[in-house]
Amino acid sequence: MPITADQVRALAEKLRDRSAETLSTIVRIPSFSGKEEAVCRRIAELCTEAGFDEVRFDGLGSVIGRVGRGPRKLAIDAHIDTVGVGDPSQWTTDPFSGIIRDGLVLGRGSSDQKGGAAAMITAGRILKDLGYDGEFSVYFTFTVLEEDCDGLCWRYLIEKEGLKPDLAVSTEPTTCRLYRGHRGRMEIEATVRGVSAHGSAPERGESAAYKAARAVIAMEKLNGRLGYDEFLGKGTVVVSRVDVHGPSQCAVPDQGSIYLDRRLTWGETAELAISEVKTAMAADAEKVAMPVYEGKGWHGATYVQDLYFPTWKIGEGHPLVAGGRAAHRALFGRDPELGKWTFSTNGVAICGKHGVPCIGFGPGDEDKAHAPNEHTRVADLVTCSAFYAMLPVALESQGR
């Protein structure tokens with residue numbers, strides 16, 4: 001018998017408390033980037049307890065769970081590393097308490113984005129309990145190192161482990177709206193060079209500090225004239241760090257740099273962004289380059305990539321968007337709101353780099369990410385676990 005929306009919705013509601021307890025459990029395990037082993041091992045246990053057909057670790061340490069044996073691959077992804085706590089005094093409860101109270105689960109990572117992980121585990125259990133045996137192998141991926149380098153975990157999965165899905169879902173927080181893209185990003189370092197002289201006679205030197213200051217002003221002006229996309233919005237550039245130094249505190253500085261956070265709208269590339277910075281800085285630019293990141297996972301593997309994260313979006317009429325709408329409509333009797341993220345996700349690798357169509361649907365709110373007193377609504381976990389379980393069924397119905 002085919003799986004119905006009524007069955008999925010009823011099971012998601014029945015498992016409400018279990019979903020909340022699952023999220024509470026994994027929030028209580030700190031999992032900063034590169035230090036995710038304990039939470040990954042617990043997630044693997046939870047997936048096994050839920051009856052997943054396969055549970056394993058990849059080389060970096062991400063947990064790869066599978067339900068179903070169909071020829072098509074649907075990946076549903078949550079990164080399970082978190083940023084730090086920040087100033088503890090700004091938290092009203094222990095950041096790792098995992099308290100369930102007033103319909104909320106509290107703690108670091110509850111929104112960004114262990115809430116998605118908890119809903120995924122429940123969704124896998126729903127599919128197993130309902131005997132899903134459709135045309136999809138549904139891969140539930142609980143990925144590492146995203147906060148340090150978004151997308152690196154998925155580049156590793158696709159490029160080294162050969163797991164390239166046909167379709168994908170990111171469970172980053174969307175307030176249970178259906179997202180279909182976001183701006184890309186890159187990091188840029190621009191260096192300047194001066195000539196040192198004694199601080200008592202600055203006219204004998206050439207100050208790297210003044211060149212760096214001119215570069216900062218040039219970036220402010222550049223930001224005002226960057227590209228715009230009707231859906232994704234405007235490209236931006238922000239100076240996130242300035243460093244100037246010389247041989248002593250009593251000398252004209254001879255070395256300097258500015259570090260840039262560049263958000264890329266549709267049509268903007270790494271090459272374009274670097275050329276714009278060079279042009280804006282003119283003769284003051286000694287070198288403008290994109291840094292490289294090397295990530296080492298807790299499971300032993302390392303992976304290297306440029307700090308470039310391509311822009312991505314899929315069309316409003318894409319079959320995956322249509323499938324997401326159909327799943328939501330069947331479950332809740334209405335179409336979901338459509339939107340986009342402001343921040344960056346693993347979609348930069350899944351869709352931006354490798355062209356796998358991707359949508360977003362996740363519990364929690366984007367503005368709670370990286371903030372003190374982070375929390376997620378238990379009701380969102382119910383909604384999302386039902387959506388993830390219903391999506392492969394809805395996608396199959398499209399082709400009939």
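Me: Why is Asp 284 called buried?
Reply: Its relative accessible area is 16%, and buried means under 20% (exposed is over 50%, partly exposed in between, with a 1.4 Å probe and protein chains only), so Asp 284 counts as buried. Keep in mind that this is a predicted model, where local features need pLDDT of at least 70, side-chain atom pairs count only at pLDDT 80 or more, and totals for chains, interfaces and linings use all residues. Residues are numbered from 1 along each chain as its sequence is written, and side-chain values use heavy atoms, leaving out hydrogens and water.

Me: What makes Asp 284 and Arg 214 a salt bridge?
Reply: The rule asks for a side-chain nitrogen of Lys or Arg within 4 Å of a carboxyl oxygen of Asp or Glu. Here N to O is 2.8 Å, so the pair qualifies.

Me: And what makes Arg 214 partly exposed?
Reply: Arg 214 has 46% relative accessibility, which falls between the two cut-offs, so partly exposed is the right label.

Me: How do you know that Arg 69 and Asp 53 form a salt bridge?
Reply: Their closest N and O atoms are 3.8 Å apart, which is within 4 Å, so the pair passes. Arg 69 sits in the loop between strands E2 and E3, and Asp 53 in the loop between helix H3 and strand E1, so the bridge ties together parts 16 residues apart in sequence. Helices (H or I, at least four residues) and strands (E, at least two) are DSSP runs, numbered from the N terminus.

Me: Why is Arg 69 called exposed?
Reply: Its relative accessibility is 62%, over the 50% mark, so exposed fits.
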